[in-house]
Amino acid sequence: MIEIDPEKTTRAYAFKMWTDAPMPMVTLIKTLDVSRLIKASRKRHLKFNMLMCWCIGRAASRIKEFYMLPIGKKLYRFDSIAVNAIVANRRGEVSSCDIPFSDHLPAFNEDYLRLTGIVAETCENHDITDSMVIGTSALAQCDIDGAVGMYSGIFNNPFMIWGKYTKKLFKTTLTVSFQFHHTQMDGAHAAAFLNALQEEIDALQNLPPL
């Protein structure tokens with residue numbers, strides 16, 4: 001990552017407005033149709049959460065604002081994206097695991113299984129510091145309508161939370177919340193990301209053989 005001058009970016013005004021705000025985070029909530037994600041997961045014997053994380057990475061990689069992040073009082077640009085997953089470890093607790101995003105699904109799946117397996121066994125977090133990390137938390141056993149993340153004042157990374165998906169007659173839906181720092185992006189960028197996420201999920205039906 002490299003430090004950049006906010007005045008030379010499209011985030012100049014937002015940087016002035018929100019860098020010192022006591023609560024600069026915004027949360028959008030959207031219900032996604034995950035029918036094709038579930039079908040791809042079952043047909044190809046792939047983990048639901050892995051596919052969800054891959055689609056998140058794919059959607060984020062289409063939006064340039066995801067490659068910038070305010071850290072402290074500075075703005076940084078990254079060359080790559082990673083997706084974080086919360087992992088249940090062997091002690092019955094949770095650990096954090098950053099997975100480098102790859103547009104190549106087999107490579108991402110391999111990294112996801114390998115890294116989450118190591119984290120689950122060692123109970124040690126796996127952090128990637130040179131990528132812009134999108135946090136996720138899957139409360140797969142919980143039937144929730146939405147969630148708002150906590151702002152620590154330390155981590156400004158975008159963060160997604162979802163619970164249990166809902167089966168309906170003709171489709172299966174999943175409600176997600178997306179929290180982001182207003183310096184990094186505006187509501188329109190976040191909404192475009194969520195729309196792109198739905199498009200990536202729908203496109204799973206066209207996956208080539210792994």
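This report walks through helix packing, strand pairing and a few loop residues in a predicted model.

Residues are numbered from 1 along each chain as its sequence is written, and side-chain values use heavy atoms, with hydrogens and water left out. Because the model is predicted, local features need pLDDT of at least 70 and side-chain atom pairs count only at pLDDT 80 or more, while totals for chains, interfaces and linings use all residues.

**Helix packing**

Let's start with helix H3 (residues 48-61); helices are DSSP runs of H or I with at least four residues, strands are E runs of at least two, and both are numbered from the N terminus. The axes of H3 and helix H4 (residues 105-122) come within 10 Å and cross at roughly 125°. Axes here are lines fitted to C-alpha atoms, for helices over the stretch in contact, and angles run from 0 to 180 degrees between N-to-C directions. H3 and H4 are therefore oblique to each other; angles under 35 degrees count as roughly parallel, over 145 as roughly antiparallel, 65 to 115 as roughly perpendicular and the rest as oblique. H3 passes H4 in a right-handed crossing, meaning that the near helix is turned clockwise from the far one by less than a right angle.

On the H3 side, Asn49, Met50, Leu51, Cys53 and Trp54 meet Leu105, Phe108, Asn109 and Tyr112 of H4, where contact means heavy atoms within 4.5 Å. Seven of the residues in this contact are nonpolar, two are polar and none is charged. In these classes Ala, Val, Leu, Ile, Met, Phe, Trp, Tyr, Cys and Pro count as nonpolar, Asp, Glu, Lys and Arg as charged, and the others, Gly among them, as polar.

H3 also packs on helix H5 (residues 187-202), at an angle of about 125° and with the axes 8 Å apart. That makes H3 oblique to H5, and the crossing is right-handed. Here Met52, Cys55, Ile56, Arg58, Ala59 and Ala60 of H3 meet Phe193, Ala196, Leu197, Glu200 and Ile201 of H5. The contact of H3 with H5 has nine nonpolar, no polar and two charged residues.

**Strands**

Three strands form an open antiparallel sheet in the order S1-S4-S3; two strands pair if DSSP finds at least two bridges between them. Strand S1 (2-4) and strand S3 (68-71) are the edges, each pairing on one side only. S3 and strand S4 (residues 74-77) are antiparallel over four bridges, and Leu69 has Tyr76 in S4 as its bridge partner.

Elsewhere, seven bridges join the antiparallel strands S5 (residues 81-88) and S6, with Ala85 partnered by Cys97 in S6. Their hairpin has five residues between the strands, and Gly92 takes a positive phi near 80° there. Of the seven residues of S6 (residues 94-100), five are buried.

**Loop residues**

The table uses relative accessible area: buried is under 20%, exposed over 50%, and partly exposed in between (1.4 Å probe, protein chains only).

| Residue | Loop between | Relative accessible area |
|---|---|---|
| His45 | H2 (35-44) and H3 | 71%, exposed |
| Cys123 | H4 and S7 (132-138) | 15%, buried |
| His182 | S10 (172-181) and H5 | 16%, buried |

Phi is positive at His45, near 60°, and at Cys123, near 65°. His182 touches Arg11, Ala14, Trp18, Pro24 and Val26, leaving aside residues up to four places away in sequence.
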